[in-house]
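Here are my notes on the model you sent over. Have the structure open while you read, and take the points in order.

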Amino acid sequence: MRAIPASFYSGDVDRVARDLIGATLLVDGVGGVIVETEAYDAADPASHSFVGRTARNAAMFGPVGHAYIYRIYGLHLCLNIVCGSPGSAVLIRAIEPLHGVERMQERRGAAMRVNQLCAGPGRLCSALGIDQRLDGASMALPPFALFERVEPVSIQTGPRIGITLAADRLRRFGAAGSPWLSRRFPIASPCTAV
DNA sequence: CGGATGATCAACT
DNA sequence: GTTGATCATCCGC
């Protein structure tokens, strides 16, 4: 497996969000293959960075390839990877659990169904043991590890989830037909092979 | 099953 | 005081 270099994150955020589908994400050896992402940037009303740099979103304007982690709805954490244009990032929404599934189950509870372990940004952070202190940390250094996609994937596009502003933009990307998605894509949404 | 609800934090008005 | 890039649980079919 080839580690993802910093150059991977330059250029169009949507392209990065697409290329991260199929990549392998590990936190302290626990993780799997990314199957769902969303793209955000400073020109996007739905993005935290739309209002400019603040204390919370500072990482979004920091080094490329680092993590932007924030708390949502008072309880859950979400993991983003900072991209080339300032204020842009990719939200990691779901992965296929492959490594350290036992540790994930310890964290999420044994009752949790395996296909729900990492299906959603909050669940994913919980299962991988991500905490807010990792905000701003490099995705290329421990405890993180990121590896490039090896197999070709069919990628589906659709509207982002939980968004009210700019809800019509198709900036959610997923491995077509994957059983590990947080939600199914609307039928007849665009699908491209990569 | 599907929809409603409450949990609980931090940024911003 | 309000509002979220959410999730687990409860309740009604």
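**Notes on the strands and the DNA contacts**

1. Let's start with strand β5, residues 89-99, which is mostly covered: eight of its 11 residues are buried. Keep in mind throughout that this is a predicted model.

2. On to the partners of that strand. Strand β2 (residues 30-40) runs antiparallel to β5, and nine bridges join the two. If you want a spot to click on, try T37, whose bridge partner in β5 is I92.

3. Strand β4, residues 76-82, also pairs with β5 in the antiparallel sense, here over three bridges. Look at I81 for this pairing: V90 is its bridge partner in β5.

4. Have a look at the turn as well. The hairpin of β4 and β5 has six residues between the strands, and G87 in that hairpin takes a positive phi near 85°.

5. Now the DNA. Around DNA strand B you'll find T54, R56, R71, Y73, G74 and L75. Of the atoms of DNA strand B that come within 4 Å of the protein, sugar and phosphate account for 58%. By residue class, the surface near DNA strand B splits into two nonpolar, two polar and two charged.

6. Which parts of DNA strand B do the polar atoms of T54, Y73 and G74 approach? For T54, a polar side-chain atom sits 3.2 Å from a phosphate oxygen. Y73 uses its backbone: an N or O atom there lies 3.2 Å from a base oxygen of the strand. With G74, a polar backbone atom is 2.8 Å from a sugar or linking oxygen.

Methods. Residues are numbered from 1 along each chain as its sequence is written. Chains are lettered from A and ligands numbered from 1 in the order in which they are written. This is a predicted model: local features need pLDDT of at least 70, side-chain atom pairs count only at pLDDT 80 or more; totals for chains, interfaces and linings use all residues. Side-chain values use heavy atoms; hydrogens and water are left out. A residue is near a molecule or strand if one of its heavy atoms lies within 4 Å of it. A polar contact is a pair of N or O atoms within 3.5 Å; within protein, one must be able to donate a hydrogen and the other to accept it, and residues adjacent in sequence count only if both atoms are side-chain atoms. Ala, Val, Leu, Ile, Met, Phe, Trp, Tyr, Cys and Pro count as nonpolar, Asp, Glu, Lys and Arg as charged, and the others, Gly among them, as polar. Buried means under 20% relative accessible area, exposed over 50%, partly exposed in between (1.4 Å probe, protein chains only). Helices (H or I, at least four residues) and strands (E, at least two) are DSSP runs, numbered from the N terminus. Two strands pair if DSSP finds at least two bridges between them.
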